[in-house]
Amino acid sequence: MQAITVQDRDAGVSGLTLSELPHPRAAENDVIVEVHAAGFTPGELDWPGTWTDRAGRDRTPSVPGHELSGVVTELGYGTTGLAVGQRVFGVTDWARNGSLAQYTAVEARNLAPLPADVDHLTAAALPISGLTAWQALFDHAHLTTGQSVLIHGAAGGVGSIAVQLAREVGARVIGTGRAGDRDTALALGADAFVDLQAEGLAGLGEVDVVLDVIGGEILERSTALVRPGGTLVTIAEPVTVHPRDGRAVFFVVEPDRACLADLAQRLRDGRLKPIVGAVRPLAEAASAFTPDKRTPGKTIIRVTED
């Protein structure tokens, strides 16, 4: 089968190479998925699991990509809850070959059924961004109706989903980003938008929740915006500065079949709309993620035609 592989840790996205690999084998509780569409996060090339297995052994050449939508073609021993021929979407394992391949082996618990009226390209843009936004807002920050939330990167993959989820729960949403992101964030449901380059964070006042996807100086300055009893949640880096009278949480997203199913239902109902950007074939994956220019939405790799 064809797959995108990486072998050189220092090469970055330029090290993505189209290769021929053996068909994957299904371990216990696995399924084999024929991948129709896949998502990839350039930052994952810095994750240890991209280069080593759970025992710390080198596993290159490895296949990156941790979001997928496709069809189950094979069940491993003991696998329950899914069937051959079923449409699924979800998250591949962090320390195993991923989704930038024609076929991949995935733990069944990482996947959820995909309704027939949700297309694979849209579904592939949702798993990591959707789970991250949900877990940040509700599992860690416990956002509720009437509270206020500041969402950095409001037009990005995680931020755009978070804006929609927070708006639906009845929170007041302030989005941040670049000037060109203003219209997108407001259209998604943000009540206000702050251009970080031109306006900064001064004068914003306090909020109940801050969701940070940027890290660095923005993360540090955001701690002062959390009102007493509030929460700062970040996925960018471990927290070294905490709000004076609030909590700070750094977390890594976890697979959750029930939450994926809920997100899929929101897609069907029109309550949630991931922003799909460029769509490129598997052979062009390397050039699709080369950071030569910034494009709106999440880039999706079309692996198999529907």
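**Close-up views of a predicted model**

**View 1. A salt-bridge network.** Asp30, Arg54, Asp93, Arg96, Glu107 and Arg109 are linked in a network of salt bridges. The structure shown in this and the following views is a predicted model. In total, the count comes to 18 salt bridges.

**View 2. Arginine 96 and aspartate 30 form a salt bridge.** The two side chains meet at 2.6 Å, N to O. The pair links distant parts of the chain, 66 residues apart: arginine 96 is in the loop between strand S5 (87–91) and strand S6 (103–107), and aspartate 30 is in strand S3 (residues 30–39). Aspartate 30 has a relative accessibility of 1% and therefore counts as buried. Arginine 96, at 22% relative accessibility, counts as partly exposed, because the partly exposed class lies between the limits of 20% and 50%.

**View 3. Arginine 54 forms salt bridges with aspartate 93 and with glutamate 107.** In the pair with aspartate 93, the closest N and O atoms are 3.9 Å apart. Aspartate 93 lies in the loop between S5 and S6 and arginine 54 in the loop between S3 and strand S4 (67–75), so this salt bridge ties together parts that are 39 residues apart in sequence. For arginine 54 and glutamate 107, the closest N and O atoms are 3.9 Å apart. This pair also links distant parts of the chain, with arginine 54 in the loop between S3 and S4 and glutamate 107 in strand S6, 53 residues apart. Arginine 54 is exposed, with a relative accessible area of 63%. Its two partners are buried: aspartate 93 at 3% relative accessibility, and glutamate 107 at 19%. Glutamate 107 falls in the buried class because that class covers values under 20%.

**View 4. Glutamine 135 in helix H2 (residues 127–140).** Glutamine 135 has a relative accessibility of 7%, so this residue counts as buried. A polar atom of its side chain lies 2.8 Å from the backbone oxygen of glutamate 254. Leaving aside residues up to four places away in sequence, glutamine 135 touches His140, Phe251, Val253, Glu254 and Asp256.

**View 5. An aromatic pair within helix H2.** The count of aromatic pairs comes to 3. In the pair shown, the ring centres of tryptophan 134 and phenylalanine 138 are 4.9 Å apart and the ring planes are at 70 degrees, so the arrangement is edge-to-face. An angle over 60 degrees is what places a pair in this class. Tryptophan 134 and phenylalanine 138 are 4 residues apart in H2, about one turn of the helix. An α-helix has 3.6 residues a turn, so residues three or four places apart point the same way. Both tryptophan 134 and phenylalanine 138 are buried.

**View 6. Helix H3 (residues 157–169) and its surroundings.** With 13 residues at 1.5 Å a residue, H3 should span 18 Å; the C-alpha atoms at its ends are 19 Å apart, which agrees. The buried residues of H3 are Val158, Gly159, Ser160, Ile161, Ala162, Val163, Gln164, Leu165 and Ala166. These buried residues pack against helices H2, H4 (182–188) and H6 (257–269), and against strands S8 (148–151), S9 (172–177) and S11 (207–212). Just after H3, glycine 170 takes a positive phi of about 95 degrees.

Technical notes. Residues are numbered from 1 along each chain as its sequence is written. This is a predicted model: local features need pLDDT of at least 70, side-chain atom pairs count only at pLDDT 80 or more; totals for chains, interfaces and linings use all residues. Side-chain values use heavy atoms; hydrogens and water are left out. Helices (H or I, at least four residues) and strands (E, at least two) are DSSP runs, numbered from the N terminus. Buried means under 20% relative accessible area, exposed over 50%, partly exposed in between (1.4 Å probe, protein chains only). A polar contact is a pair of N or O atoms within 3.5 Å; within protein, one must be able to donate a hydrogen and the other to accept it, and residues adjacent in sequence count only if both atoms are side-chain atoms. Contact means heavy atoms within 4.5 Å. The expected span of a helix is 1.5 Å times one less than its number of residues. Rings of Phe, Tyr and Trp (its six-membered ring) pair if their centres lie within 6.5 Å; planes under 30 degrees apart count as stacked, over 60 as edge-to-face and the rest as tilted. A salt bridge is a side-chain nitrogen of Lys or Arg within 4 Å of a carboxyl oxygen of Asp or Glu.
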